[in-house]
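Dear colleague,

Please find the structure below, handed over for your consideration. My notes on it follow directly after.

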Amino acid sequence: WDESTALMYNGDGSYSVAVALTAGTWSFKLASADWSTVNLGATSVDNVTVTIGEALDLAQGSQDNLSITIDTDGDYLFTIVPVADYSSVQLIVTGP
């Protein structure tokens, strides 16, 4: 993934992008091109695993990549949503 896989604003405070993925384990971060305006990753090295259908807290400025295991080839929707008080964001991934 790269800048061509841009998140789109949904109008409700959330951002999302659909990504076609093949089966395997993927390591990634959600970041802007400069890696500083937006640099969302794991909250700690112990909390890097993204589970499909479950919200995961993200940390701005994180040095830790996220990891997701895809069992089935297909289109997966990555959505960033703010928590109720907008103090942080979470990632939710859904798929086929």
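In what order do the strands of the open sheet run, and with which pairing? The order is β1-β2-β9-β10-β7-β5-β4, an open sheet of 7 strands with antiparallel pairing. Strands, like helices, are DSSP runs numbered from the N terminus (E and at least two residues for a strand, H or I and at least four residues for a helix). Two strands pair if DSSP finds at least two bridges between them. The edges are held by β1 (8-9) and β4, and as each has a single partner strand, one side of each is left without a neighbour in the sheet.

Before going further, I should state that this is a predicted model, in which local features need pLDDT of at least 70 and side-chain atom pairs count only at pLDDT 80 or more, while totals for chains, interfaces and linings use all residues. Residues are numbered from 1 along each chain as its sequence is written, and side-chain values use heavy atoms, with hydrogens and water left out.

**Strand pairing**

β2 and β9 run antiparallel and are joined by 7 bridges; Tyr-15 has Ile-80 in β9 as its bridge partner. Antiparallel pairing over 6 bridges links β9 with β10, where Pro-82 is partnered by Val-89 in β10. Towards the β4 edge, β5 pairs with β7 over 3 bridges, again antiparallel. Ala-42 lies opposite Leu-58 in β7, and Leu-40 has Gln-60 in β7 as its bridge partner. β4 and β5 form an antiparallel pair over 2 bridges, with Leu-30 opposite Leu-40 in β5.

**The nonpolar core**

A nonpolar core is a set of buried Ala, Val, Leu, Ile, Met, Phe, Trp, Tyr and Cys residues joined through side-chain atoms within 4.5 Å. Buried means under 20% relative accessible area, exposed over 50%, and partly exposed in between (1.4 Å probe, protein chains only). The largest such core has 18 residues, of which Phe-28, Val-50, Leu-66, Phe-78, Leu-91 and Val-93 touch the most other members. At least two residues of this core come from each of β2 (15-21), β5 (39-42), β7 (56-60), β8 (66-70), β9 (74-82) and β10 (89-94). Leaving aside neighbours within four places in sequence, the contacts of Leu-91 (heavy atoms within 4.5 Å) include Phe-28, Val-50, Leu-66 and Phe-78.

**Lys-29 and Asn-39**

Lys-29 sits in the loop between β3 (24-28) and β4 (30-31). Although buried, Lys-29 has no salt bridge, and the nearest side chain of opposite charge, Asp-64, is 7.7 Å away. Here a salt bridge is a side-chain nitrogen of Lys or Arg within 4 Å of a carboxyl oxygen of Asp or Glu; Lys and Arg count as positive, Asp and Glu as negative, and His and the chain ends are not counted.

What does the side chain of Lys-29 reach at 2.3 Å? The partner is the backbone oxygen of Ser-62. A polar contact of 2.8 Å also joins the side chains of Lys-29 and Asn-39. Such a contact is a pair of N or O atoms within 3.5 Å; within protein, one must be able to donate a hydrogen and the other to accept it, and residues adjacent in sequence count only if both atoms are side-chain atoms.

Asn-39 belongs to strand β5 and counts as buried at 6% relative accessibility. The side chain of Asn-39 reaches the backbone oxygen of Ser-62 at 3.5 Å.

Yours sincerely
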